[in-house]
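User: Please examine one part of this model closely: the packing of the interior and the segments that surround it. I would like a single connected account, with the geometric criteria stated as they arise.

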Amino acid sequence: MSEILHINEDAFEETINNNKLVLVDFYATWCPPCKMLAPVLEQVQDELFDKVLIVKIDVDQNENIARKFKVMSIPTLIIFKNGEMKEVEVGYKDFGALVEFIKKHID
């Protein structure tokens, strides 16, 4: 089991360019839906830790990367595979919806 990583712009490219499916949660500490999503992400990480790497990036501290991916609302969840953006979802997702979102991209 692995824990959810909090990354910054410096680690972003290296993180999404690994050989694993990566789910990036663009969030802010002041955002209520982001706070609601945090324990759901932990549940998903526990369930799918061998299939997906979940990372969080604070949009207030990493504005350039948020702008690059046109993050306008938070939470924004982006799936990357081999460094390529595959799918974007905006807003809170419950456990089932989040697992479904990720599983579409697992080989």
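Analyst:
**The aromatic cluster and its surroundings**

Asn 62 is placed in the loop between strand 3 (52-58) and helix 3 (63-68); helices (H or I, at least four residues) and strands (E, at least two) are DSSP runs, numbered from the N terminus. This is a predicted model, in which local features need pLDDT of at least 70 and side-chain atom pairs count only at pLDDT 80 or more, while totals for chains, interfaces and linings use all residues. Residues are numbered from 1 along each chain as its sequence is written, and side-chain values use heavy atoms, with hydrogens and water left out.

Asn 62 counts as buried because its relative accessibility is 5%; buried means under 20% relative accessible area, exposed over 50%, and partly exposed in between (1.4 Å probe, protein chains only). Beyond its neighbours within four places in sequence, Asn 62 is in contact with Ile 7, Asn 8, Glu 9 and Ile 57, contact being defined as heavy atoms within 4.5 Å.

Ile 7 and Ile 57 also lead to the aromatic part of the interior, since both are among the residues that Phe 12 touches. With residues up to four places away in sequence not counted, the other partners of Phe 12 are Val 24, Phe 26, Ile 65, Phe 69 and Phe 80.

Across the whole structure, a search finds five aromatic pairs. Rings of Phe, Tyr and Trp (its six-membered ring) pair if their centres lie within 6.5 Å; planes under 30 degrees apart count as stacked, over 60 as edge-to-face, and the rest as tilted. The pair of Phe 12 and Phe 26 is tilted, because the ring centres are 6.4 Å apart and the planes stand at 45°. This pair links distant parts of the chain, with Phe 12 in helix 1 (residues 9-16) and Phe 26 in strand 2 (residues 21-27), 14 residues apart. Phe 12 is buried, its relative accessible area being 0%, and Phe 26 likewise counts as buried at 0%.

Phe 26 also pairs with Phe 69: the centres are 6.4 Å apart and the planes at 45°, so this pair is tilted. Because Phe 26 lies in strand 2 and Phe 69 in the loop between helix 3 and strand 4 (76-81), the pair ties together parts that are 43 residues apart in sequence. Phe 69 is buried, with a relative accessible area of 17%. Ring pairs join Phe 12, Phe 26, Phe 69 and Phe 80 into a cluster.

The members of this cluster recur in the largest nonpolar core, which has 21 residues; together with Val 24, they touch the most other members. A nonpolar core is a set of buried Ala, Val, Leu, Ile, Met, Phe, Trp, Tyr and Cys residues joined through side-chain atoms within 4.5 Å. At least two residues of this core come from each of helix 1, strand 2, strand 3, helix 3 and strand 4. Strand 2 gives the most, with four residues. Another core, of 16 residues, lies apart from it and includes Leu 23, Val 40, Val 44 and Phe 101.

Phe 101 leads to helix 4 (residues 95-103), where Leu 98, Val 99, Phe 101 and Ile 102 are buried. These residues lie on the same side of helix 4 because they cover an arc of only 160° around the axis, the arc being that of the directions from the helix axis to the C-beta atoms. The cover over the buried residues of helix 4 includes strand 2, helix 2 (32-48), strand 3, strand 4 and strand 5 (84-90).

Strand 5 contains Val 90, which counts as partly exposed because its relative accessibility is 46%. Val 90 touches Ser 73, Pro 75 and Thr 76, residues up to four places away in sequence being left out. Pro 75 lies in the loop between helix 3 and strand 4, and the peptide bond from Ile 74 to Pro 75 is cis, with omega near 0°.

Lys 70 is placed in the loop between helix 3 and strand 4. Although Lys 70 is not a glycine, its phi is positive, at about 55°; at 65% relative accessibility, Lys 70 counts as exposed.
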